[in-house]
Amino acid sequence: MTVSWQPSCPLEHLRTRAQMLAAIRRFFEARDVLEVETPLLCPATGTDPQLDFFSSQFNSPPNRPTLFLQTSPEFAMKRLLAAGSGSIYQICKAFRNGEAGRYHNPEFTILEWYRVGYDLRQLMVEVAELLQQLLQSFSAELPTKQISYQQLFLDSTGLDPLIFCVSDYQTYAVANSLPEANELCGNDHALWLDFIFSHRVQQMMDNDTIYLLHGYPAIQSSLARLNGDDSRISERFEVFINGVELGNGFYELADPLEQEARFDKEIAYRLSHGLPAVAKDAAFLQALKFGLPDCSGVAIGLDRLLMIALGSASISDVLAFPVA
């Protein structure tokens, strides 16, 4: 059997990656944002039912605990924020089990940062500034479009994502040749939104435009604050270019009781749907009880960003040795 040993991407793409990482570090150094490192192996993982994880057994007596490869460095970074770190960023690996495809590799590189004292609008401005700087070598300056999730969903489908009537969603699915939606989504509002968004709304976005999509429905945001004027909406945004999701940002929830209640709800959902069991991250919750500073945070997928910069068709074109 012949085993392929050579990298899947051109070496020039590795040089471009190195240049991008250096530019990111210059960007944050100029803004006095501290670079940090947190563990990849963690004693707890997130409760989000949409995420699957890798686990590993630590062969050290007496208790041989289960450890998890992080799906995000978020909880550890927020513990640093609670300890008084100030604004921080991290470039690291994250891991999600079962994810493979054109835009997915189970191991991927993210940039995650938190800005103390920033609200969501301020962070969106900074995200756009960073992306413009990173992409300026590859294309003309891209226009930035801020639009609410509700408005884009309405414009694209005629459905109001904040009002759930299952018969309206079923009618839309049939009329738009998506009959499998009813079986997959049932009576679950969040699943309907995810399905229709990925199959229709993302395709309606203009190319060569940085979309900052804000005001997500509260049912889709376990780590974001609720909007003070409308509890159906969360203080969350996502970043898209060419219909590709690049990042997810929150005005961070700081209430430990509310956060634990949301974890409990997600754990109950996991149990009722036969998903792998998880436990709440006790250290993270304790940090929230000590006090998380007022802050906003975002994570950007750097492999996908590199794909867009280079015009690559697959994530394997920008990874030396993809796992899947």
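This report walks through the fold, sheet, cysteines, cavity and backbone of a predicted model.

## Overall build

The protein chain holds 10 helices and 11 strands. Its radius of gyration is 20 Å, close to the 20 Å that the globule rule gives for 324 residues, so the chain is as compact as a globular protein of that length. Along its principal axes, the C-alpha trace spans about 55 × 50 × 50 Å. Buried residues account for 46% of the 324 residues.

## The sheet

An open sheet is built from 8 strands. Their order is β1-β5-β6-β11-β10-β9-β8-β7, and the pairing is mixed. Two strands sit at the edges: β1 (34–35) and β7 (144–148). Each of these pairs on one side only.

Strand β6 covers residues 107–116. In the strand order, β6 stands between β5 and β11. On one side, β5 (residues 88–95) runs antiparallel to β6, and 8 bridges join the two. Within that pairing, C92 has I110 of β6 as its bridge partner. On the other side, β6 and β11 (residues 295–301) pair in the antiparallel sense over 7 bridges. Here W113 is matched with V298 in β11.

How much of β6 is buried? The count is 8 of its 10 residues, so the strand is largely enclosed by the rest of the structure.

Further along the sheet, β8 (residues 210–214) meets β9 (residues 236–241). These two strands also run antiparallel, joined by 5 bridges. One bridge partnership links H214 to F237 in β9.

## Cysteines

How many disulfides does the model contain? The count is 0. A disulfide is a covalent bond between the sulfur atoms of two cysteines. In this analysis, the two sulfur atoms must lie within 2.5 Å.

Take C92, whose bridge partner in β6 is I110. The closest cysteine sulfur to that of C92 is in C42, 9.7 Å away, which is too far for a bond. C92 is buried, because its relative accessibility is 9% and the cut-off for buried is under 20%.

C295 tells a similar story. Its closest cysteine sulfur is in C92, at 17 Å, so this pair is too far apart for a bond. C295 is buried too, with a relative accessible area of 1%.

## The cavity

The model has 1 cavity of 30 Å³ or more. About 30 Å³ of space lies in the largest cavity. Which residues line the largest cavity? They are T45, G46, D48, L51, F53, T71 and R270. This lining divides into 2 nonpolar, 3 polar and 2 charged residues.

## Two backbone exceptions

Most residues other than glycine have a negative phi. Two residues here depart from that pattern, D32 and N242.

D32 has a positive phi, near 60°. This residue is found in the loop between α1 (11–30) and β1. Is D32 buried or exposed? At 69% relative accessibility, D32 counts as exposed.

N242 has a positive phi of about 55°, although it is not a glycine. Its place is in the loop between β9 and β10 (244–251). With a relative accessibility of 33%, N242 counts as partly exposed.

Methods: Residues are numbered from 1 along each chain as its sequence is written. This is a predicted model: local features need pLDDT of at least 70, side-chain atom pairs count only at pLDDT 80 or more; totals for chains, interfaces and linings use all residues. Side-chain values use heavy atoms; hydrogens and water are left out. On a 1 Å grid over the protein atoms alone, a cavity is a set of points where a 1.4 Å probe fits but cannot get out, and a pocket is an open set with protein on both sides within 12 Å along at least five of seven lines; lining residues have an atom within 4 Å of a point. Grid points are joined across faces, edges and corners, and a volume is the space filled by probe spheres set on the points. Ala, Val, Leu, Ile, Met, Phe, Trp, Tyr, Cys and Pro count as nonpolar, Asp, Glu, Lys and Arg as charged, and the others, Gly among them, as polar. Buried means under 20% relative accessible area, exposed over 50%, partly exposed in between (1.4 Å probe, protein chains only). Two strands pair if DSSP finds at least two bridges between them. Helices (H or I, at least four residues) and strands (E, at least two) are DSSP runs, numbered from the N terminus. The radius of gyration is taken over C-alpha atoms; the globule rule is 2.2 Å times the number of residues to the power 0.38.
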